[in-house]
Each structure stands twice: as C-alpha cells, then as structure tokens.
Amino acid sequence: MPVAIAYAPCGTTRQDPDDSAGVAGLVARAGGGDRQAWDALVERYAPLIWSICRKYRLGRADADDVGQNVWVRLVDQLGKLRDPAALPGWLATTTHRECWRVSRAGYGSVAYELDTENIPDERAEAADHELLAAERQAALREAFTHLPPAGQQLMALLIADPPLPYAEVSARLGIPVGSIGPTRSRYLDRMRRYPAIAALINAESAAPRSSARPVLAAAN
C-alpha cells in the first residue's frame with residue numbers, strides 16, 4: 001500500500017467513507033487494500049502523530065520522517081494487530097518510539113527502541129491527552145461535514161474568531177436574528193447525536209470528573 005503521501009498534517013480534510021464502521025472496521029478494510037479506509041485512518045490520526053512530534057520539538061523534516069516511518073510500520077502491522085480498536089494507542093506508542101530514536105540520534109547517541117512499559121508515566125499521560133484531543137477534532141470535523149450547507153455556514157460564522165454579532169450573521173445569511181439561536185441549538189443537538197460525538201460524550205460522562213474540555217463546549 002502506498003504511504004509516500006500518507007503523512008500530511010496540514011492537508012485537506014477527507015470524509016470517512018463509512019462512519020459507522022469504527023476504527024476496527026477501518027483497520028480491517030485498510031488491511032484488505034481499501035485505499036479510502038487507509039486515507040480515513042491517516043486523516044483521523046495524523047494530528048495525533050504530529051502533536052507528539054511537536055512535544056519532542058522535532059523539526060519539520062524529522063517530524064515528516066517520523067510520521068512516514070510510523071505509517072510504514074502500520075502497513076506491516078495491519079494484519080497482525082491483536083486488537084484493531086486499540087490502534088490509536090499503538091500509533092501513540094510507536095510515534096513516541098520513533099521520536100525518541102530520532103532525538104537520541106540527533107545527540108549522537110546510540111538509537112534504540114523503548115518497550116511500552118518503559119515509557120515514562122508523564123509521557124504516557126500526555127499521549128492519552130493528545131489522543132483524546134485528536135479524537136475530538138476528528139469527531140467534530142466529521143459531524144460538521146454532515147450538517148447541511150446552510151448549517152455549516154451558520155456554525156462557521158458563529159465560531160468565528162473574533163465572534164460575529166448576530167446582526168452581522170443575519171445580514172450575511174439572510175435569516176432573522178431571532179431565528180439564529182434556536183437554529184444554532186438544533187444544529188448543536190444534531191452534532192451531539194452524530195455517532196462519533198455521542199460516543200465521546202458517553203465516554204466522558206462515564207469517566208471521573210476532570211479538567212478535560214467537554215466535546216462541543218467551544219460551540220456552546
């Protein structure tokens with residue numbers, strides 16, 4: 001499977017070809033040669049790999065090499081993963097290993113790979129946060145693309161920075177000011193019901209309270 005153009009953290013957004021399949025489904029299809037499924041995996045998890053590279057303060061060239069190596073290794077492992085649904089954790093661990101190898105090589109030391117158990121607790125915790133952020137971004141992006149064009153236009157204006165007053169939103173979209181709030185609420189509810197968002201919300205509700213930012217909080 002080609003991987004030369006796989007690592008593109010700043011590329012355009014692709015839509016998951018089968019949102020109901022889940023990670024395990026995408027892994028199975030990618031392992032069978034489905035390029036759309038492979039592209040969906042790359043689009044979903046490239047931000048996670050990129051964010052870990054930034055933690056190690058790697059330059060763009062080194063980060064690109066790390067990302068490329070991670071995806072190449074995944075091609076070799078697609079049919080061997082014991083739990084395909086655990087792919088995000090595998091990617092985070094593999095990226096940490098590659099970053100560590102590149103960092104050590106840059107200091108002229110002998111490069112070696114770490115076992116999962118040898119990754120410091122703080123780094124493992126950081127990987128968990130990075131993974132959660134990447135999952136949220138991917139889920140929000142997918143939910144947004146499933147809104148109708150009018151909904152995408154409205155939500156894009158409402159989350160603009162700096163915020164636009166309702167009067168300007170009304171003028172741009174040609175809708176009454178009084179309808180903006182209720183329409184916004186309907187679209188937010190629709191996004192919350194989107195499977196990927198709903199799964200994250202349920203997971204956060206079941207987890208102990210923390211300082212993690214709730215899904216869709218920025219849009220509320």
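Does Arg57 count as buried or exposed, and at what relative accessibility? In this predicted model, Arg57 has a relative accessibility of 78% and therefore counts as exposed, since the cut-off for that class is over 50%. Arg57 is placed in the loop between H2 and H3. Its backbone is also notable, for Arg57 has a positive phi of about 55° although it is not a glycine. Most residues other than glycine have a negative phi, and most peptide bonds are trans.

The overall architecture is considered next. The protein chain contains nine helices and zero strands, and its pattern along the sequence reads α-α-α-α-α-α-α-α-α. Of the 220 residues in the protein chain, 36% are buried. Among contacts between residues at least 6 apart in sequence, 66% join residues at least 24 apart. One pair distant in sequence is Pro47 and Ala138, which are separated by 91 residues along the chain and by 8.9 Å in space, C-alpha to C-alpha. Pro47 lies in helix H2. With a relative accessibility of 25%, Pro47 counts as partly exposed, because this value falls between the limits of 20% for buried and 50% for exposed residues.

Helix H1 spans residues 22-31, and its buried residues are Val23, Leu26, Val27 and Ala30. Viewed down the axis of H1, these buried residues fall within an arc of 100°, so they line one face of the helix. This spacing can be understood from helix geometry: an α-helix has 3.6 residues a turn, so residues three or four places apart point the same way. Just after H1, Gly33 adopts a positive phi of about 100°.

The buried nonpolar residues were examined as groups. In soluble globular proteins, nonpolar side chains tend to be buried together. The largest nonpolar core of the model has 29 residues, and those with the most contacts inside it are Leu58, Trp71, Leu74, Leu87 and Leu91. Two or more residues are given to this core by each of H1, helix H2 (35-55), helix H3 (60-77) and helix H4 (87-106). The largest share, ten residues, comes from H2. Leu74 illustrates the packing: when residues up to four places away in sequence are not counted, Leu74 touches Trp38, Leu81, Leu87, Trp90 and Leu91. A second, separate core has 15 residues, including Ala139, Leu158, Val169 and Ile180.

The packing of one helix pair was then described. Two packed helices are described by the angle between their axes and the distance between the axes. The axes of helix H7 (residues 166-173) and helix H8 (residues 177-193) come within 9 Å and cross at roughly 95°. This angle lies in the range of 65 to 115 degrees, and H7 and H8 are therefore roughly perpendicular to each other. On the H7 side, the contact is made by Tyr166, Ala167, Val169 and Ser170, and on the H8 side by Val177, Ile180, Gly181 and Arg184. By class, the residues of this contact are five nonpolar, two polar and one charged.

A further backbone feature concerns a peptide bond. Asp161 and Pro162 are joined by a cis peptide bond, with omega of about 5°. Pro162 is located in the loop between helix H6 (149-158) and H7.

Notes:
Residues numbered from 1 in each chain as written. Predicted model: local features only at pLDDT ≥ 70, side-chain atom pairs only at ≥ 80, totals over all residues. Heavy atoms only, no water. Buried < 20%, exposed > 50% of the residue type's maximum accessible area, 1.4 Å probe, protein only. Helix = DSSP H or I, 4+ residues; strand = E, 2+ residues; numbered from the N terminus. Arc of directions from axis to C-beta. Core = buried A, V, L, I, M, F, W, Y, C linked by side-chain atoms within 4.5 Å. Contact = heavy atoms within 4.5 Å. Axes fitted to C-alpha atoms, helices over the stretch in contact; angles between N-to-C directions. Parallel < 35°, antiparallel > 145°, perpendicular 65-115°, else oblique. Nonpolar A, V, L, I, M, F, W, Y, C, P; charged D, E, K, R; others polar.
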